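Subject: Handover of a structure and the findings on its interior

Dear colleague,

Please find the structure below, together with its sequence. I would be grateful if you could keep it open while reading the notes that follow.

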Amino acid sequence: MVGNGSPPHERLRSLVSSLLTLGTDLEGEQAAERILRSASELVRGRYAVVRQANPPDETVELFLHGLSRAEYAERADRPDFARLVEQLTLSGRPVRTRALLGVPMRPRDHHSGQLLVGDPEGGEFTRDDEDLLAAYGAAAAMVMHRADLHERERRQQRWLHAVTELTELLLGQVDREKALGTLTARLREVSGADYSALLLLDPADPDSGTLHAVTGLSLEHLAGRRVPLRGLTAHVVRSRRGVVSPDLDQVYGYGPPPEWRTALADLGLGMLLPLRTDGEVLGVLFAGWRKESPVAHLAAQEVDLVEMFAHQAALALRQARTQTSRTELSVLADRERIAQDLDTVVARRLNRVAADLGAAVEGSRRPVVRERLAVAEREVAETITLIREVSGDLRTPAQAAQRAASACWLRLQAEVVKASDRFGFVPGLEVHGALDAVCDAVQCELAAQVRRALDRAAEYESPSRVDLVIDLEESRFRLIVAGARNAPSPGEQVTEWAVRLG
């Protein structure tokens, strides 16, 4: 890099060349740090700020150099600073005062940002400083955009790998607590969330639930605690719809228990998503990001992927419940078999022994022998009575057979995850009706139909959305491709066919 003693335009040429040769391995924060440091050196300012607006709600993300967040907040409240930012936002052109210089950062048609430099060494910024920073800001905008794109691609890959890993986990035997702990840990890892937890509903008490897999913000000690169902949590359960907000504490109904408020006070972006499976809400997934989180703006655009984790949690719960039901059914079958053996083998043999003893009592002429035989006969009879009682206890009243859950949903979701690489997003999958009510053959056919439907959707160039809808009650399977460039018309239903249920 050319030193500060070099002519200004030489410094600009060197800095821009350095920026444009940055590798795409830089994280967004690393790229911003390099840009801010170089901008300060270019026009000899004491501090520099990048304000970047992020869709869809245009929340502002800050990158600072030479200032703490508290110092920036203090300066941002000053009228001259606020006025310069407003003028820069409205005009989209450089704005200069004696002690503050701001230029736009707008890479082509992408969302905009602003580069601000303040407190010049010479006492005030000049027109040359304005021209230099404006030229530098254009190159810096492209570098920030490139780093942002690369970070999005990396996050997308991490999401897909995590979903695939969890799907494989759920295809085997599921330990509920281990599966839920793995799920929230992976969710925080790939999304950058600062807090995650699961609230599982209690079927015996619909107005409360229990916290599980709590991670982040030093709240792990809350795992296992029973909490009432109220506020936003109750709304999510009853409406079966999630709540997502960039400022969770501003949402009506938000009100964590008093002992949690301090730990949760710093949260900005928050998500409460229902754990739904087969039309039943089993609980709520919580995920939150601190207000200064550098990845919150990316996470805000990944709600559908966090929802997929909520589906995975619901599947883990259903799978664990199914395994418990199977174990209970197996135990009941063993109890019935033992009871049947006692009735048909042991009790019958003892009845024959009792009959022989009765005959011996009648035929015996010695009083002592007769007395001993009579005692033995009574003891055998009492033993038979006890066996009948044990046999009755082992048997349970006749109940309707419980349907064993299958891995059909997991098969379908595995097909959807595999197709994500082709589309660049996760296709939607919606099922109406109970998958476990159909036979194994039809379940396999459904997975094959999903695979064929996704292959068909891939024939359309760059679709913006792919939705799969399975309606088991009407024996119908539909594929919808929306926004395909080469489709006859955007949003057209491409294909629909019937699936015969077993």
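I begin with a single residue. S245 has a relative accessibility of 10% and therefore counts as buried, the limit being under 20%. This serine is found in strand β9, which covers residues 243-245. A polar atom of the S245 side chain lies 3.1 Å from the backbone nitrogen of D247. Once neighbours within four places in sequence are left aside, the contacts of S245 are V251, G268, L269 and G270. Please bear in mind throughout that this is a predicted model.

Nonpolar cores

The largest nonpolar core has 57 residues. Which of its members touch the most others? They are L180, L198, L275, W289, F309 and L412. Helix α10, spanning residues 303-363, gives the most to this core, namely 11 residues. Another core lies apart from it and has 24 residues, including A32, A39, V43 and A140.

L198 may serve as an example from the largest core. With its neighbours within four places in sequence left aside, L198 is in contact with L180 and L275, both of which also belong to the group touching the most other core members. The remaining contacts of L198 are T184, T210, L211, H212, A213, V284, L285 and A313.

Aromatic pairs

The structure holds 2 aromatic pairs. In one, Y72 and F81 are arranged edge-to-face, at 5.8 Å centre to centre and with 85 degrees between the planes. Are these two residues buried or exposed? Y72 has a relative accessibility of 9% and F81 a relative accessible area of 5%, so both fall under the 20% limit and count as buried.

The other pair is formed by W159 and F309. Why is this pair described as edge-to-face? The ring centres are 5.3 Å apart and the planes stand at 85 degrees; because an angle over 60 degrees counts as edge-to-face, the pair is placed in that class. The pair links distant parts of the chain, with W159 in helix α5 (residues 127-171) and F309 in helix α10, 150 residues apart. W159 is buried, at 0% relative accessibility. F309 likewise counts as buried, at 0% relative accessibility. F309 thus brings two topics of this message together: it is one of the residues touching the most other members of the largest core, and it is also the ring partner of W159.

With kind regards

Notes
Residues are numbered from 1 along each chain as its sequence is written. This is a predicted model: local features need pLDDT of at least 70, side-chain atom pairs count only at pLDDT 80 or more; totals for chains, interfaces and linings use all residues. Side-chain values use heavy atoms; hydrogens and water are left out. A nonpolar core is a set of buried Ala, Val, Leu, Ile, Met, Phe, Trp, Tyr and Cys residues joined through side-chain atoms within 4.5 Å. Buried means under 20% relative accessible area, exposed over 50%, partly exposed in between (1.4 Å probe, protein chains only). Helices (H or I, at least four residues) and strands (E, at least two) are DSSP runs, numbered from the N terminus. Contact means heavy atoms within 4.5 Å. A polar contact is a pair of N or O atoms within 3.5 Å; within protein, one must be able to donate a hydrogen and the other to accept it, and residues adjacent in sequence count only if both atoms are side-chain atoms. Rings of Phe, Tyr and Trp (its six-membered ring) pair if their centres lie within 6.5 Å; planes under 30 degrees apart count as stacked, over 60 as edge-to-face and the rest as tilted.
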